[in-house]
Amino acid sequence: MYHYDLQPNVLGTPFMAEKELLAAKSAKFAALLEDNSKEDLSHFLRNMPADPETLELVARFYHGFQLQISTEKVVPLICVAHYLEMTENHSKNNLLGQALSFFQETILPSWNETVKAFRTTEKFLRHSLKLGLVEACMKSIITKALANPSLLGEPIKNSTKYVDDSEEEDEGYKPSARRRLFDLDFKSEDLTTLSLELYEPVIHEMNKHGVPSPYVAASLCNYTKKWVLSGSGEAVKSNYKKEILEAVERHLPPEKGLVPCTLLFEILRFANVLEVSSECRNGIEIRIGKQLDQAAVKDLLIPSQGYSKEMQYDIVCVRRILKVFYGSYTSSDISGLIAVAELIEDFLAEVASDIDLNIDTFVDLAEMSLAASLGTQRTLDGIYRAVDIYLDKHRHLTESEREEVCRVLDFQKVSPEAYEHAAKNEKLPLRVVVQVLFAGQLQLRDRILKEVQDSDDKSTKEEAEENEEKLDFGEEEMRSEMEKMSMKVMELERECNMMRKEIDNGGSPKVRKEKTSLWREMKRKFGCVNSVHDSNCQLKKKKKKKMHPKQGV
């Protein structure tokens, strides 16, 4: 129903003052006047699908003034002319015929005029739908979009490491310089000015009729930026923004890479704040997961919302996205896997300082990164760095809990710099320190092997045999040293356990002093007090006692 209390005037005369003139053009009013000639018919205006400005144009028309129809007024004029039955059967050259001719000949051939007229149908949507005006506008828009998709806006350039920029350009739909020069309609009217009630069905029909996906995606992204992400959308109510995001996710084409990963993450942040449906949120996460190798660390720093507010960042969401990536990655090129592994390592370093990040979640993320690095030659320094930060910010962890955190470490796959740092790292549990020293021995062995293998190919056979004997002797000596080290580690563990028991039972100050110097004592016994630069911390050899020849060993 349309209720307007204002009755417009034409040259100072009320709209319905000249009833006979109106009846001459309107079959409906003529019939009403015939049956109620003496009654006040002003209530008749309240049901007309028109605003006061449109009624003034109608009044000017039936008073005989020349009618000036504009793009913004043609739809309401058609609606009110149809309501008043201002047809050719009732009067020649009537208003309905003139308005329809203008709509068909001036509006529909032009993209810009069609979009402008389509925008006005929202105010008179029921009558516009009934008269087919909405359908006519949509058909015109879709036909033009199929012929020239760039009317929707240029596709968003997606930064990717694997595709050359020149390959991303779609030359098939780019207007030529000549066309841009002479096509006055080239600066297109933006569909993002439409309300969601009009915009969503248009996008749905575009997908249905095969408008190229990159252009549809570009229009949807521009619509989201305008109404949800940008500052200009601040006045828009939260519920309306929520509806927009859910509609955008529904109609966004499924192809990978149509929307930059950073923009998808921004949409996800707003989706979490607006509490969109789980279906919408899952859809956005799946789109992100399929192209996670294009993301940056800052993209993953999603503020926690709702159930996960106890942590600074939404780690659970990141885990879901990671599972999507690993589940959908089918390329034979491992560069994408390596990129995500490095991304997660950097992400772990960022979130490791969160005091509320539990061990299971931290280890789970680290293991996902490790899984992506299997079969590659890259070092795992990033994992070690994250573990070091985590242990530093979670000093309350017990020895067993620190061991659980450190189980993701593999010191045979770290750089010499990381190994050197780990050998001095007092935050690491005792068992992990043993692994560090053992890895150092293995690295020393590998260097000896490499030196022998890289010996001059022109050396004599005797020299080669001599080198081989030296290598065998070196390996035998190393094996002996490693066995001694293993026994020494077991001895240290026994001593450590004894000291802990004494402390738990209220040990003497002397025992407590021994505990505080345990680390220094352990490194002294391994011969690592001063330096580990050569990665060859070996057990100091003790002088053997003289034994009687008959004495048993």
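**Exercise 1.** In this predicted model, state which residues are linked with Asp51 in a network of salt bridges, and how many salt bridges a search of the whole structure finds.

Solution. Lys73 and Lys123 are linked with Asp51 in the network. The search of the whole structure finds 19 salt bridges.

**Exercise 2.** Describe the salt bridge of Arg319 with Asp364 by distance, location and burial of Asp364.

Solution.
1. The closest N and O atoms of Arg319 and Asp364 are 2.6 Å apart.
2. Arg319 belongs to helix 17 and Asp364 to helix 19, so the pair ties together parts 45 residues apart in sequence.
3. Arg319 has 23% relative accessibility and counts as partly exposed.
4. Asp364 has 19% and counts as buried, because buried means under 20%.

**Exercise 3.** Do the same for the salt bridge of Arg378 with Glu345.

Solution.
1. Their closest N and O atoms are 3.0 Å apart.
2. Arg378 sits in the loop between helix 19 and helix 20, Glu345 in helix 18, and the two are 33 residues apart.
3. Arg378 is buried at a relative accessible area of 16%; Glu345 is buried at 5%.

**Exercise 4.** Classify the packing of helix 19 (residues 359–373) and helix 21 (residues 399–406) as roughly parallel or roughly antiparallel.

Solution.
1. The angle is about 20°, and the axes are 9 Å apart.
2. Angles under 35 degrees count as roughly parallel, and therefore helix 19 and helix 21 are roughly parallel.
3. In the contact, Ile359, Phe362 and Val363 of helix 19 meet Glu401, Glu404 and Val405 of helix 21.
4. By class, this contact has four nonpolar, no polar and two charged residues.
5. Glu404 also forms a salt bridge with Arg407, with closest N and O atoms 2.7 Å apart.

Technical notes:
Residues numbered from 1 in each chain as written. Predicted model: local features only at pLDDT ≥ 70, side-chain atom pairs only at ≥ 80, totals over all residues. Heavy atoms only, no water. Axes fitted to C-alpha atoms, helices over the stretch in contact; angles between N-to-C directions. Helix = DSSP H or I, 4+ residues; strand = E, 2+ residues; numbered from the N terminus. Parallel < 35°, antiparallel > 145°, perpendicular 65-115°, else oblique. Contact = heavy atoms within 4.5 Å. Nonpolar A, V, L, I, M, F, W, Y, C, P; charged D, E, K, R; others polar. Salt bridge = Lys/Arg side-chain N within 4 Å of Asp/Glu carboxyl O. Buried < 20%, exposed > 50% of the residue type's maximum accessible area, 1.4 Å probe, protein only.
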